[in-house]
Amino acid sequence: MKRKPILVTGGAGFIGSHLIRLLVKSYPEYQIFNLDNLTYAGNLENLSDIQGEANYTFIKGDITDDVFINKLFEQYKFESVIHLAAESHVDRSIEDPLAFVKTNILGTLNLLNAFKFLWKEGFNNKLFYHISTDEVYGSLGDVGLFTEETSYDPNSPYSASKASSDHFVRAFGETYGIPYVISNCSNNYGPNQFPEKLIPLFINNIINEKPLPVYGDGNYTRDWLYVIDHARAIDLVFHNAKRGETYNIGGFNEWKNIKLVELLCDIMDKKLNRTSGSSQKLITFVKDRPGHDYRYAIDASKIKEELGWTPSVNFEQGLEKTVDWYLSNKEWLDNVTSGEYREYYKKQYH
Ligand code: NAD
Ligand code: TYD
């Protein structure tokens, strides 16, 4: 059987690995190519259960290398691209903005150029799908929601680089007729997330009885979505969305950081058989993140109404599943928190 070749970039990372598993299992008629250069955030252990599947191929490579990318498109003739590879952590973008420009902007441009060149005779049934973030919209006050019409107003080097890559995808649609879709999702959580982001970092610190560094006064608000619900949404958008459209994806699930951390502490105390209230004692308010966005909240009614998507997991269930996963995958956690992670942690928190 000749399978339809589909390129997923960043598939060894957090969201990408859940998406790859879903696509490989659901669509035997696709050949899923996972292109990832395995940065600190990429980990093939995330996909060990599907690595032998016939419709899955891993390719190690860097999206910033245009010569390599052009050859790869020529060789495999990818009919669609789902582009997730990115530098994804705001705090790292504050330390090293150029790394974000290279991967998130130049890398996206290389993929767009290669896709445009490969299908120069016609884009029939082809699709370039860019996975983006709600952070491109900037920060909300106490009320209101981001809709697909909200103007871009990014505040961090990370969100500025993602906004720029979104603009390039749209520009390639308008200028060269590339069929594209973009989705902008809120904060994800779940198994396999690198423990630099709030939830896995705090789970790891609670396990090790280390301080929980809450930035500022802890009243910042995020809208949390279970990663598998994001992967389900990407599947729906990929197959059913109108070309040239944008979809916001969110959990209808806003939490102030401090409230979320308190809930997480309570769940962890129970799971670890510790005295109630002991993990909350680890909470430490630390210096705020520069340019910290106050609140993100998504109006996800378009994807709900047009594509019938809603989250399948509520927050308490999702958080509990996440905690269970980290507690039963201590080896994964130990492996990713050795080496580079220690240096990063020292620099960021001491
Ligand atoms: P992640 O950091 O866990 O994974 C990123 C992956 O990209 C890693 O496997 C890494 O090795 C790979 N990568 C990085 N640079 C590369 C390069 N130059 N060439 C090839 N591969 C490279 O990120 P994530 O949290 O899974 O996010 C995936 C995508 O979803 C990103 O585009 C991010 O902006 C977007 N997003 C993330 C969230 C979230 O809450 N995590 C929310 C909305 C959107
Ligand atoms: P994070 O997981 O880095 O996602 P993002 O910045 O992309 O929203 O952070 C989520 C929230 O948690 C954000 O308001 C910053 C805050 N935060 C802390 O208070 N302490 C931490 O150590 C980290 C990593 C984040």
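## Exercises on loops, a ligand shell and a cavity

Phe 252 sits in the loop that joins strand S10 (245–249) to strand S11 (254–256). The exercises below concern a predicted model.

**Exercise 1. Describe the backbone and the exposure of Phe 252.**

Solution. Begin with the backbone: phi of Phe 252 is near 50°, a positive value in a residue other than glycine. Turn next to the surface: the relative accessible area of Phe 252 is 47%. Buried means under 20% and exposed means over 50%. Phe 252 is therefore partly exposed.

**Exercise 2. Carry out the corresponding analysis for Leu 38.**

Solution. Locate the residue: Leu 38 belongs to the loop between strand S2 (30–36) and strand S3 (56–60). Its phi is near 55°, again a positive value in a residue other than glycine. Finally, Leu 38 has a relative accessibility of 28%, so it counts as partly exposed.

**Exercise 3. Characterise the shell around ligand 2.**

Solution. First, take the extent of the shell: 19 residues surround ligand 2, and the closest are Glu 135, Arg 222, Arg 289, His 292 and Tyr 349. Second, sort the shell by class, which gives 10 nonpolar, four polar and five charged residues. Third, consider secondary structure: helix H6 (198–207) and strand S8 (212–215) each contribute at least two residues to the shell around ligand 2.

**Exercise 4. Identify polar contacts of ligand 2 and state how far the protein buries the ligand.**

Solution. The cut-off for a polar contact is a pair of N or O atoms within 3.5 Å. Glu 135 places a polar side-chain atom 2.6 Å from an oxygen atom of ligand 2. For His 292, an N or O atom of the side chain is 2.7 Å from an oxygen atom of the ligand. In Tyr 349, a polar side-chain atom likewise lies 2.7 Å from an oxygen atom of ligand 2. As for burial, ligand 2 taken alone exposes 510 Å², of which the protein buries 98%.

**Exercise 5. Determine which residues line the largest cavity, and relate them to the shell of ligand 2.**

Solution. The structure holds one cavity of 30 Å³ or more. The volume of the largest cavity is about 60 Å³. Its lining consists of Val 90, Ile 94, Glu 135, Ser 156, Arg 222, Arg 289, Pro 290, Gly 291, His 292, Asp 293 and Tyr 296. By class, this lining has four nonpolar, three polar and four charged residues. To relate the two sites, note that Glu 135, Arg 222, Arg 289 and His 292 are among the closest residues to ligand 2 and also belong to the cavity lining.

Methods:
Residues numbered from 1 in each chain as written. Chains lettered and ligands numbered in written order. Predicted model: local features only at pLDDT ≥ 70, side-chain atom pairs only at ≥ 80, totals over all residues. Heavy atoms only, no water. Helix = DSSP H or I, 4+ residues; strand = E, 2+ residues; numbered from the N terminus. Buried < 20%, exposed > 50% of the residue type's maximum accessible area, 1.4 Å probe, protein only. Near = heavy atom within 4 Å. Polar contact = N/O pair within 3.5 Å; in protein donor to acceptor, adjacent residues only side chain to side chain. Areas by Shrake-Rupley, 256 points an atom, 1.4 Å probe, with all protein chains shown as cover. Nonpolar A, V, L, I, M, F, W, Y, C, P; charged D, E, K, R; others polar. 1 Å grid on protein atoms, 1.4 Å probe; cavity = no way out; pocket = protein on both sides within 12 Å on 5 of 7 lines; lining within 4 Å. Points joined across faces, edges and corners; volume = space filled by probe spheres on them.
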